[in-house]
Structures are given as structure tokens and as C-alpha cells.
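Colleague: I would like to learn how to read the inside of a protein model and the places where its chains meet. Could we go through it step by step?

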Amino acid sequence: MLCCEVARRFRLAGVLRETPAMGGSIPDRGFAAARNQSRIASPQAWADTRSNMHTGETVPPNISPGGNSAARSSSRRTLLKTFLGGGIAASLASFLYPVLRYLVPPVETNLGVDSVVAATVHELKPNSAKIFRFGNRPALLIRTAEGEYQAMSATCTHLSCTVQYRKDTQQVWCACHNGVYDLNGRNLSGPPPRPLEKYQVHIQGDEIQVIKT
Amino acid sequence: MNQTSTYRLMRLITMISTPGTARQRELGLASLLFLFVLPCVSAQTQNTCLDCHSALDPPYRVTADQFAANIHAQKGLTCASCHGGDPTSDDQAMSRKAGFRGKIDRKQIPQLCGSCHSDAAYIRQFNPSLRTDQLAQYHTSVHGRKLAAGDTRVAVCTDCHSVHDIRPASDVHSTVNPLNVAATCGRCHANPDYMKPYGIATNQFADYSKSVHHEAMVVRGDLSAPTCTTCHGNHGAAPPGVATVANVCSTCHVFQSQLFDTGPHKAAFASAGLPGCVTCHSNHLIVHPNDQMAGTGEHSICTKCHSEGDAGFQAATGIQTHLHDLESRIARSREILDRAAESGMEVSQAQLDLIQADDALTKARVAVHSFRPEKVAQETASGQAVSEKTYRAGLDALRERDRRRLGLGISLLVIAATLIGLRLWIREIER
Amino acid sequence: MSIAGRVQNWLDERFGWAELIAPLKEKTVPHHRRSYWYFLGGMTLFLFLIQVMTGILLLLYYRPSANEAFESVQYISTQVRYGWLVRSIHSWSANLMIFTAFAHMFSVLFLRAYRKPRELTWVSGAVLLFLAFGFGFSGYLLPWNTLAFFATKVGTEVAGQVPVIGPWIMIFLRGGPEVTGATLTRFFGFHVAVLPGLTTVLLGLHLALVQRFGISVPPAVEKQWNDAPHERREMKFFPNFLLRELMAWYTALAVLGVLAALFPWGLGTKADPFASAPAGIKPEWYFLFAFQTLKLIPAKVLWIDGEVLGVLAFGAAGLVWLLLPFVEPRRPAGYRAVIALGVFAVAFIAAMTAYGYLSK
């Protein structure tokens, strides 16, 4: 696909010029060839074409059948230059814009794998709890009646329902099948076979940080 | 060494040095070594019985290792504690005068064990929290009653607890450790030839091994999962009756039994003489329940009694509809969220919220035991709301993804324009 | 004077700019029926530069520890603005780059551009290909998902099959006897420091050699031009060939954008070292032919362990490939052997890759 397109352009553009013959086994030395090249146009269809092998500087060709076409080609050239320049600028902008947005760090820098800020210090009253998100699973932060904090996974070890804190019994309870855990996450009664995974709680300033042990 | 040890040593040396059978010399050497291993052992734990019995062939064989694993030996008891005799002396070891009883008659085993294990004051010296009502319970059990009637083929203490290497139940190698109980019961109860005279089924062990309770214990490692003794009792082993088996299940499955009690089946089953729980879930082959059990499909249990047109059939249909509806909604939400996540969209909060719908479905499945569709619907309602919310979140995420594709389209246009521009420019400078 | 002219003047006064770029201004590219193959080298270079740029961007957020690697890639894909784009482009461009590297290499082989005096260009290119494999293998592990974890496990185990030094190689690669977080850290070091350093040096050498000897012309065309010098065609590199190359590069960008937006690179599931390998573990497609071949070799061939034989065979093949210009038979039609080898290699790789995909 690409090569056909390019080949076609090759044919259209007709970028051909002569160089003297090079010996069969002498290596092509890119710039050596260039120095030896003849700048005389070939006796072919492009005889009248001034070889304008410049690096893009606008030199109007000498083949002017009339000043009109020279002016037209000059204005076309300018138009093309503007179009191309604009296109390149727009494309660069469309590449640069996402990169610049990318470089700005998002608000939340915590990946939530090892530690998470679960709540603020004044958020929970004694003998109450909060379900918060830890990574991709729910977790439970309890403020006991004595005012201490306990944190543990909120995924019941029986069939993965989300447990809750019960103020009346001051225990952790799973409403699905009546599993009961104590405030250290130990399974007391009901179907749960294992304790809830316990997390560490650190209070840093105003924030309550919960850390996976 | 004390006097008795010296005497014994002298005897042994005499035994070894006198010409006699190779076996005698062997025994002598063995005991000599044993002596040197325990030179200052106190008279109480001296166990000459093992000197001979460790080298005998079964059924007389009791090795020192076997006996060392025995909880009784660890507490300082000897062979003579049960078998009588004088363990400190070679001569008097099996002397009737010294109280030797020989092999204990099966009918007397429970009494023998109970002579210590029913004595609370005595057991308190060793383990104050150990129960002492085993013998009393045993007398109420089927095994105990049959033994009293003269049948010695039934289980006595040693059949379950093993004889000489009795380990506490907490020991993983013990025959009465929860992991091993079913196999211990199955030694008789799964043996069709042995059980022929009793005319009861022998497929319980095979069924139990396929059950979800067995899986909970062995695969998921939950030692509190039920085994034979949990429902049948251990010392007072007897099958729970038709009328009372539901009480057994309800010790763990509290919610289900509460709902069952409020439902229409309790009275119906009682009058039909059908056991609660077991009628639908079986007693030993309790498999993992699935939604197809409730409802009216191919695998339905309801249709065993209910037929099309009656109230039960309609209730069953209603219940299954609610469950199936919530399950398919959850699956739909999960699918769309997974698709969005694979496309790189951020949907983790919605995925977390969807867990609540899973919880609702779990609770709805418990509510099935009320056998009323309204109660099931109560639980599924919240699940449906969550599923809806998460589904919409998934749709939003996919819309955002499509917006990205629009952005891509724009940049493609720009690139196309640049390509055209380049091509024209090339043509221009090369004309 | 225009701004461009003034800048050029300024540079010229301080760096001798005009003299520096004079040779580049004269650089030419031969034009003939097969010269569109010449784009492949530049395309590979362009895709490599894309990798460097997107890689540096990913470096800003990626965390190379077993605990956080997966989540950091998830974070990039979902939280960072346009992170999904950067990450998907990086993954897709890696695959495209290896493909164009293969295509470039085989085009050089079939057009016989490796002939004297360009042997070292070929050798440096072969080493660059192996470095690209190293990039692919080390980079694949970095997201720390299940597929990558087990692919690395299998791949390093195969490396461990080399006789004598194999186990040491495996431990060196893994940073220990097993694939762990230590492996991740090590692969990260390879991927962002060691391999880029080596590649920069070799790429510089490769490009310098190309610059030194110019672009090679296939023998048939060379003969034709020797016989009829007036038919020789050369295109100027600046600006003509470069403009065309720019078009190719823009097209590549468009392709990458489409791939990233329509077929975003998935995350997978976080690797769990203690879980068992999922069924049907396969390495990335560019290793698949080797993997499939190893699977097909019987467990024991004569007295040699099958896998060891396979590894040694591939090692030998790699060595022959590296020194291809020097192993070409010197007799007049000796090149036919190399062409035949090339055809066989393409067919073998294609067939084994297809087989690897179709088999379970």
C-alpha cells in the first residue's frame, strides 16, 4: 500500500538527475557521487528544468512560457507552504497537547495498594464505623466505644459478602449468613472459616491512614 | 541406679551370657539398650511390657513409638493402668495376682475407659476442661444400647479412638480429629458386608465425601465444618429423627431455619412426616445449592411435589424469576464494565459497587427458604438498583471511549492534511 | 535576511555549521525499481524514537516493584490524562518496530546490501535486532500481569537450557532462582538503562556506517547502471527523500493512533506467583516461532535432551545470521545459498508463527 503510493510519487515527481557512471565494485560513496555530479540537465523531457535541488528555497524555474505562470506558481508555492506549514504545526500540536496534559500529575497520587487514607479524625464518633475503599475491595474502619481505631478487610471470609459493624453488639457481623467477628477480626461464630484480614491504623495529623501489614 | 534396676541389669546380663535361644538373646539385648536409654527412670513409668511386646507379632505387637504417641503414656500411665499387672517387674508383669487382666473383653471396654474418664475429680488432675460425660452419653447411643443388648460388633471406645496410640482429637493424626472422623465412622458404616445384619444404608460416607461440608473442611480448610459427629453426636451417636433433624441444621444455618419456620413448608412437612431441610437438600449428599433447585426447570426440587397450577408452583416460578433476573443483570453489568476496563477506561469504583449487588443476590438466595416470592423480591430490589447504576456507569465509560475515538479521528484528519500537503510540496519542488 | 538564514549564520560562526552539514546536503539515495524498500530502515528508527519518547513518559509514573507495578500501569491507563494513549502507543509501536526490523533485515538480505564493504553494517544491524528482542522480552514483564509473568518464567527457563552456563544465565536474568520482584527490578534496569545505552552506541555505529558507504544498490541494478551510466538515477536526501520519508512516518503515526484508540492494549490480571500457570501460555509473536519449534522437538534426540538441542540450534542459527556476510560462499554464485537461506528463514518463521497461533 505504502510502497505503491510512494512508487507512484516517484514516477510523478520525476526526481531524476544524472550522475557519471560509477564503477561496478567501487562502493557508492554518497557524497563523493554528489561532488562529481553533473549539474547539466539530461537531454530528456526535463531539459528546461533548472535543477532546483535546493533545500526548499523558492527559486522559480526558468521555463517561464510567460510571466503569468511564474506568478501563479509562486503564489501556489506560497499557498502550499502555508498549507504544509499549517498542517505540520497542527499535527505537532495534536501530538504535543496530549503529552503536555500527560505531564501534569493527577490529583490522586496514591495507588491504593499498600495504604489508603480512610477518614479524617473528626469523622467517626465512638462506637461507629465506616466502609471505605482499599485498592479494589471494601474495608472497614471502626471507632470502638473506647475511642480506638480498628481497621480490617470488609470481605467476609465465608462467601465474600460485605460485613458491617453492629453498634448493639459491638461486633462485626455479616448479614448474609449470620457470621460474627470480634473487633480484632477474629471469626467468633457462624460460617466464616477464617478471620478478617487485619490492617494497621496510623493517625497522621488530621488523617487516618490504613496500611496493609 | 536403684536397687530394682541393678537387679534387672544383673538378670539381663545373665540372660544374654547364658546360651539360649537367639530370640531370648535378642530380647535381652533390646531390653539392655532400653535400660541404658532410660537409666534413671522412676518406677512409676517403667514399662517392662514394651520390652517384649515391641518385638512380638501382631496382634500382640505394641511398639515403643506407638505407645510414646499415646496421650495416656505422655501423662505417665502405663500398660498396667488398663491391663493390670506389675509393669516394674518382669515376673509379675502378667501376674493375675498383681491384677493382670489380659485382653479386655469388648463388652467391658466402655466401663474400663469410663472408670477414669467419668471420674471428674480424677480427670481434673490431667485436663480440667475435659468432659466426663462420655460414658453416660454412650449409654444413650445406638452403639451403647446394642452393646448392652449383647451385640459386640458395635463400636466401643477403642474402635474410634484407637487402642494403644490414642491421640487427642486436636492431633491431626488422631482417628477422631475432625478431618478423620468420617473415615473412622466409615470403617464400619461404609462396609456393606459388616453392616448387613443391621439393614441400614452404607452409602453415607461416599455421599458425604461429595458434599459441600466435606469440601469446606478438606478443601477450604474449615475445621468447624460439620462431619458425622456434628449432626449425629459422637459418644451419644444416634441419627437425628425426622422431626428434629431441622434443629440440627439450624444450629449453623440460622437464617434459613428462621425463614423456614415462618413459611408454609414447616406445617406441611410436619404433617406429611417429612424432615425439614433434608427433604430438599439431602442428609449426606448435600451439594452446593444452585438457582436451578428453586423454580420449575429441569433440575428443580419444587416440582417434585408441586405441579403446574398450584400455589407452590407459582411461588417457585416467582422466586426463580427474581433470582435469575438479578443474576443476569449483574452479569450484564460486569460484562460492560470489563469491556470498558479493557479499553482502558477507569471503572474501578463501579466494579466495587457491583459487589453490593452480589451481596444482595446472596441474601436473596437465603430468602428463598421463606418460599415467598415477595421476600425474595425484597432482597433482589437493592441488587437491581445497584446493577442499574453500574450498568449506566459502564455505558458512560464506553461513551467516553468513543469520544476518544473522535479525538483520534480529528488527529487523523490533521495527519491526512499534512500528508497531502507533503505530497503536493514534493510535487512542487520537483516540477 | 530571513530568520532561517540568520540562524544558519549564527550556527555557522560558532560551529562551522555550513561545513558540517555540507556532506549531508549532498547525500543521495539511489532510485530504482526496488528503492521503496529503503524506507524500512528509517521506519524502524522512527518507531524506536517513538518508543524512547513514550517510554520516558511512562517512566514518569511507572513503579518497578512487584507490589505496585500492575497498579501503576493501571493508574497510567485510567487516571493519567492521555495515559492510555501513551501506553497503547508504546505497546503497539514495540510490535510494529520489531516487524519493520525484520522486514528491513530481510530486504537487506534479499537485495544483498550486506556485501563488502558493508559487512559490519549487517553485523551491527543483527546485534540491534537481538537488542530489540531484549527490549521486547524485558518490557513485556513490566506490567506484571499473569501472562507476562508466566511468559517470563518459560522464557528464562529456556535460556537456562544452554549447556554449562545455562543455569547461571537463568539466575542472572531472573535475579535469583525464581521469577520474583527481583526479576522485575532487574528487567526494568535492562529495559530503561542497559539496553538503551547499548542500542544508542550500536545505532550510532550502524548509521555512521550507512552514512560512510552510502545506500547500497542491488547487484542487478548496479550492473545495469554500469552498462548504461546515463540510466543511473539518484535522489537527493535533503529534501526530496526526507520529505517522502516524512510522509511514511506520518502514515505510521496515523496507524499507531488508530491501533491505540481502536485496539487499546489490555491490562490483564495482576500476577500471582503462587497460582498455577493458565493453560495455553504463549510468548509474544516474535518469539513464537522459536517457542513452537522447541515444543515440537522430541524430548530426547539420540542422547541429547531435546530442549538443549533446540536452544543450541537456535544459538548456532543466530551466530550464522550474525556473521552472514562472512559465511557467504566465495564462489561466483555463492550468494544463491544466502538467498535460499533467507527464503527458508522467512518461510520457517512465518510457518512456525502461524502454527504457534493456531495450536493450543
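Modeller: Let us begin with a term: buried area is the accessible area, found with a 1.4 Å probe, that two parts lose on being put together, summed over both. Keep in mind too that this is a predicted model. Here chain B and chain A bury about 3000 Å² between them, and 63% of that lies on carbon and sulfur atoms.

Colleague: How many residues of chain B are in contact with chain A, and which helices supply them?

Modeller: On the side of chain B there are 29 residues in contact with 37 residues of chain A. The count of salt bridges between chain B and chain A is 2, and one of them joins the side chains of Glu428(B) and Arg77(A), at 3.2 Å from N to O. Between the two chains there are also 6 residue pairs in polar contact, both residues being at pLDDT 80 or more. As for helices, α18 (254-262), α22 (348-367) and α23 (373-429) of chain B each supply at least two residues of the side that touches chain A, and the largest share, 14 residues, comes from α23(B). Sorted by class, this side of chain B has 14 nonpolar, 7 polar and 8 charged residues.

Colleague: Turning to the interior, what does the largest nonpolar core contain?

Modeller: In soluble globular proteins, nonpolar side chains tend to be buried together. The largest nonpolar core in this model has 70 residues, and those with the most contacts inside it include Tyr102(A), Met43(C), Phe46(C) and Trp144(C). Helix α11 (residues 237-262) of chain C gives the most to this core, with 13 residues. A second, separate core has 24 residues, among them Phe102(C), Tyr114(C), Ala126(C) and Val338(C).

Colleague: What is Met43(C) in contact with, leaving aside its neighbours within four places in sequence?

Modeller: With those neighbours left aside, Met43(C) is in contact with Thr100(C), Glu245(C), Ala248(C), Trp249(C) and Ala252(C).

Colleague: And in a loop, why does Thr227(B) count as buried?

Modeller: The cut-off for buried is under 20% relative accessible area. Thr227(B), which lies in the loop between α15 (212-218) and α16 (228-232) of chain B, counts as buried because its relative accessibility is 7%. Beyond its neighbours within four places in sequence, Thr227(B) is in contact with Pro178(B), Val181(B), Ala182(B), Tyr208(B) and Met217(B).

Note on methods: Residues are numbered from 1 along each chain as its sequence is written. Chains are lettered from A and ligands numbered from 1 in the order in which they are written. Side-chain values use heavy atoms; hydrogens and water are left out. A nonpolar core is a set of buried Ala, Val, Leu, Ile, Met, Phe, Trp, Tyr and Cys residues joined through side-chain atoms within 4.5 Å. Buried means under 20% relative accessible area, exposed over 50%, partly exposed in between (1.4 Å probe, protein chains only). Helices (H or I, at least four residues) and strands (E, at least two) are DSSP runs, numbered from the N terminus. Contact means heavy atoms within 4.5 Å. A salt bridge is a side-chain nitrogen of Lys or Arg within 4 Å of a carboxyl oxygen of Asp or Glu. A polar contact is a pair of N or O atoms within 3.5 Å; within protein, one must be able to donate a hydrogen and the other to accept it, and residues adjacent in sequence count only if both atoms are side-chain atoms. Ala, Val, Leu, Ile, Met, Phe, Trp, Tyr, Cys and Pro count as nonpolar, Asp, Glu, Lys and Arg as charged, and the others, Gly among them, as polar.
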